[in-house]
Amino acid sequence: MSKDVIELIGVVEESYPNTTFRVRILSAEAKDHELLCHLAGRMRKFRVRILPGDRVKVELTPYDLQKGRIVYRYRAGEPIAELGEAPLITERADD
């Protein structure tokens with residue numbers, strides 16, 4: 001059985017009870033589309049905290065494009081290759 005999911009990058013706009021979130025998509029495929037997403041079981045197991053403003057990876061099924069599942073939370077400052085962000089390069093100037 002193949003895994004037929006659509007993976008997109010989004011930002012959490014609002015938090016609701018029961019680990020449900022309103023997510024606005026940043027990916028070019030569905031820019032500014034809003035979804036109602038729940039937290040994946042593995043993220044619940046390891047108690048990953050999601051707050052409004054966090055950038056997340058969302059999985060959608062092709063059957064319902066209004067709901068999704070949050071599978072990854074990007075760290076602050078972590079570049080996202082799918083969005084074309086360049087990695088942070090910190091050069092140290094030796095005197």
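Visitor: What makes the meeting of the Glu13 and Arg24 side chains a salt bridge?

Guide: The N to O distance between the side chains of Glu13 and Arg24 is 3.0 Å in this predicted model. The cut-off is 4 Å, from a side-chain nitrogen of Lys or Arg to a carboxyl oxygen of Asp or Glu. The value is within it, so the pair counts as a salt bridge.

Visitor: Which parts of the chain does the pair link?

Guide: Glu13 sits in strand β1 and Arg24 in strand β2, 11 residues apart. The pair therefore links distant parts of the chain.

Visitor: Why are Glu13 and Arg24 not called buried or exposed?

Guide: Buried means under 20% relative accessible area, and exposed means over 50%. Glu13 has 36%. Arg24 has 25%. Both values fall in between, so Glu13 and Arg24 count as partly exposed.

Visitor: What makes Glu13, Arg24 and Asp32 a network?

Guide: Arg24 also meets Asp32 in a salt bridge, at 3.7 Å from N to O. That is within 4 Å, so this pair counts too. Arg24 takes part in the bridge to Glu13 and in the bridge to Asp32. Salt bridges thus link Glu13, Arg24 and Asp32 in a network.

Visitor: How many salt bridges does the structure hold?

Guide: Three. Among them is the pair of Arg69 and Glu59, with the closest N and O atoms 2.8 Å apart. Arg69 lies in strand β5 and Glu59 in strand β4, so the bridge ties together parts 10 residues apart in sequence.

Visitor: Are Arg69 and Glu59 buried or partly exposed?

Guide: Arg69 has 32% relative accessibility, so it counts as partly exposed. Glu59 has 8%, which is under 20%, so Glu59 is buried.

Visitor: How do you know that Lys57 has no salt bridge?

Guide: The nearest side chain of opposite charge is Glu7, 4.1 Å away. A salt bridge needs a distance within 4 Å, so Lys57 and Glu7 do not qualify. Lys57 is nevertheless buried.

Visitor: Where is Lys57, and what does it touch?

Guide: Lys57 is in strand β4, residues 55-61. Leaving out residues up to four places away in sequence, Lys57 touches Glu7, Leu8, Ile9, Arg69, Ile70, Val71, Tyr72, Tyr74 and Glu82.

Visitor: What makes Tyr72 and Tyr74 an edge-to-face pair?

Guide: Two values decide. A pair of aromatic rings is described by the distance of the centres and the angle of the planes. The ring centres of Tyr72 and Tyr74 are 4.9 Å apart, within the 6.5 Å cut-off, so the rings pair. Their planes are 80 degrees apart, which is over 60, so the pair is edge-to-face. A search of the whole structure finds one aromatic pair.

Visitor: Which label, buried or partly exposed, fits Tyr72 and which fits Tyr74?

Guide: Tyr72 has 31% relative accessible area and is partly exposed. Tyr74 has 8%, under the 20% limit, so Tyr74 is buried.

Visitor: Which residues touch the most other members of the largest nonpolar core?

Guide: Phe21, Val23, Ile50, Val56, Val58 and Ile70 do, out of 14 residues in that core. Strands β1 (6-16), β2 (20-25), β3 (34-39) and β4 each supply at least two residues of the core. Beyond four places in sequence, the residues that Ile70 touches include Phe21, Val23, Val56, Lys57 and Val58.

Visitor: What makes Ala76 exposed?

Guide: Ala76 has 84% relative accessibility; the limit is over 50%, so Ala76 counts as exposed. Ala76 is found in the segment after β5. Its C-alpha is 8.0 Å from that of Asp54, which is 22 residues apart in sequence.

Visitor: Where does Pro62 lie, and with which residues is it in contact?

Guide: Pro62 lies in the loop between β4 and β5 (64-73). Neighbours within four places aside, Pro62 is in contact with Asp4 and Ile6. Pro62 and Val5 are 57 residues apart in sequence, yet 6.6 Å apart from C-alpha to C-alpha. At 42% relative accessible area, Pro62 is partly exposed.

Visitor: What pattern does the protein chain follow?

Guide: The pattern along the sequence is β-β-β-α-β-β. That gives one helix and five strands. Buried residues make up 28% of the 95 residues.

How values were computed:
Residues numbered from 1 in each chain as written. Predicted model: local features only at pLDDT ≥ 70, side-chain atom pairs only at ≥ 80, totals over all residues. Heavy atoms only, no water. Helix = DSSP H or I, 4+ residues; strand = E, 2+ residues; numbered from the N terminus. Buried < 20%, exposed > 50% of the residue type's maximum accessible area, 1.4 Å probe, protein only. Lys, Arg positive; Asp, Glu negative; His and termini not counted. Contact = heavy atoms within 4.5 Å. Core = buried A, V, L, I, M, F, W, Y, C linked by side-chain atoms within 4.5 Å. Phe/Tyr/Trp six-rings, centres within 6.5 Å; stacked < 30°, edge-to-face > 60°.
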